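Open the model in your viewer and keep the sequence panel visible. The stops below go from the overall layout to single residues.

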Amino acid sequence: MKKWLIIALLVTACTLLAFHSEEPLTRATLGEKLFFDPVLSLDRTISCASCHRPQFAFADTSTFSKGIHDKLTKRNTPALTNQSGRPSFFWDGRAATLEEQAKQPIISPDEMGLPIEEAVRRLNADSNYTQAFRKIFNSAPTEKNLLQALAAFERTLETANSPYDRYINGDDHAISAAAARGRLLFIGKANCNNCHSGEDFTADRFKNIGLYNGTTLKDAGRFDITHDSAQLGFFKVPSLRNVAVTAPYMHNGMFRTLREVIVYYNTPDALIHDGIKRDLSLNTPLNLTDTEIDELEAFLKTLTDDRFINQ
C-alpha cells in the first residue's frame, strides 16, 4: 500500500475518533479536524497541516511546499500563528480575512486542487461531518461555514508565552544578557522595529526589501494584485513571533538561517545590488559587527513560544 494512502487512512481514523471524544465540539475544534484532514485535497493525500506544520509554528521547513502530485508552491509557506489581528493575508495580501485565506489553498491547483463545491459535497457525504456541522451551525456543510470553521481554528493559534514575554513582564533573567543587548539593537541601530513593531512584531505593511530585480528575482509580489507600479516587489511584513522555527525565510525561502537574514539587512548590496524600488531605508549599511549580529540573532530566538521550543 502506498505511503500516502496509509497516512490518509490514519488521519481519517484519527478524525473519526476525535468526533467521538470527550472534547467539546466548537467551531474551532471542528476547524482543527478539517485542518488535519486530507479530505479537502483533490486526491486526499494532503491536508492544510501538510504545509502548515504544527511543530514549526504552522510554517514549513521547505523552500517551497509540495501540493498534490508533488507540485511546488510559488512561495514559501508562512507561519499561521498570531494571525487573528492581521488586516491582510498571504505574502501579496490578496485575502482580507482568515476565511478568504482558508479557501485559497484548497482551490489552488498547485496546492490542494479541490473545487470548493466538491469540498462541500464531500463533507455532506460524511455523516460525522454533517452531524458536527448541524450541531455547531444548525446547518449542513456549506462553503461559508466550512471556511468559518477553519478560520476559527486558525484564530486559536495565538502565542504569547515566550522568554521575551516573560522578560517584558518583569523577569529580568528570562533572556540572556546578549539577547537583551540584541533587543536594544532591534529597536535602535539595526532599525528592525521600523517594520517589525507592535506586540506581534509587524506593522502589517508591505515593503520592498530589494528581493526583486526583474531578472533572477522575478516575483513582483503585491504588484500582481494591485497592478500599481509603486508596489513592484512589495511583500507583506511578517510577524517575527516564533521566527526562529520558521526557516527558510522570505517569500522565496532564499535565506536558510536567521543569521543570513541579518547579514543581508546589514549590507544588502553585498548580495543583491540591482534590486528595483528597494526601500530607501536599506540604502545605508547598518554596520553591525559580528558580535552585534550574534546578539540580534539571540534576541530573535527569544520570541519563540514555549510550545515550539525543543520540538
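**Two domains and their interface**

Start by colouring the two domains separately: in this predicted model, the centres of domain 1 and domain 2, taken over C-alpha atoms, are 27 Å apart. To make the selections, use residues 27-155 for domain 1 and residues 163-308 for domain 2.

Next, select the residues on either side that are in contact. Domain 1 contributes 26 residues to the contact and domain 2 contributes 25. Between them the two domains bury about 2,000 Å², with 52% of that area on carbon and sulfur atoms. On the domain 1 side, show Arg 86, Trp 91 and Asp 92 as sticks: these residues lose the most area to domain 2, and together they account for 30% of what that side buries.

**Polar and charged pairs**

Stay at the interface and turn to the side chains. Four salt bridges cross between domain 1 and domain 2. Ten residue pairs are in polar contact between the two domains, counting pairs with both residues at pLDDT 80 or more. Colour the domain 1 side of the contact by residue class, and the split is eleven nonpolar, nine polar and six charged.

Now pick Lys 74 and Asp 224. Their side chains form a salt bridge, with an N to O distance of 3.9 Å. The model's full count of salt bridges is 22. Follow the chain from each partner of the Lys 74 and Asp 224 pair: Lys 74 is in the loop between helix H3 (48-51) and helix H4 (98-107), whereas Asp 224 belongs to helix H10 (residues 223-226). The pair links distant parts of the chain, 150 residues apart.

**The annotated span**

Select residues 177-304, which an unreviewed UniProt entry annotates as "domain: Cytochrome c". Helix makes up 28% of this span and strand 3%. Put a distance label on its end C-alpha atoms and the value is 17 Å.

**Two backbone details**

Go to the peptide bond between Ala 247 and Pro 248. This bond is cis, with omega at about 0 degrees. Pro 248 sits in the loop between strand S2 (235-236) and helix H11 (258-266).

For the last stop, which loop holds Asn 138? Asn 138 lies in the loop between helix H6 (127-137) and helix H7 (143-154). Check its backbone torsion: Asn 138 is not a glycine, yet its phi is positive, at about 55 degrees.

Methods: Residues numbered from 1 in each chain as written. Predicted model: local features only at pLDDT ≥ 70, side-chain atom pairs only at ≥ 80, totals over all residues. Heavy atoms only, no water. Domains from an automatic or database assignment. Contact = heavy atoms within 4.5 Å. Buried area = accessible area lost by both parts, 1.4 Å probe. Polar contact = N/O pair within 3.5 Å; in protein donor to acceptor, adjacent residues only side chain to side chain. Nonpolar A, V, L, I, M, F, W, Y, C, P; charged D, E, K, R; others polar. UniProt positions renumbered as here; feature names shortened; annotations may be inferred. Helix = DSSP H or I, 4+ residues; strand = E, 2+ residues; numbered from the N terminus.
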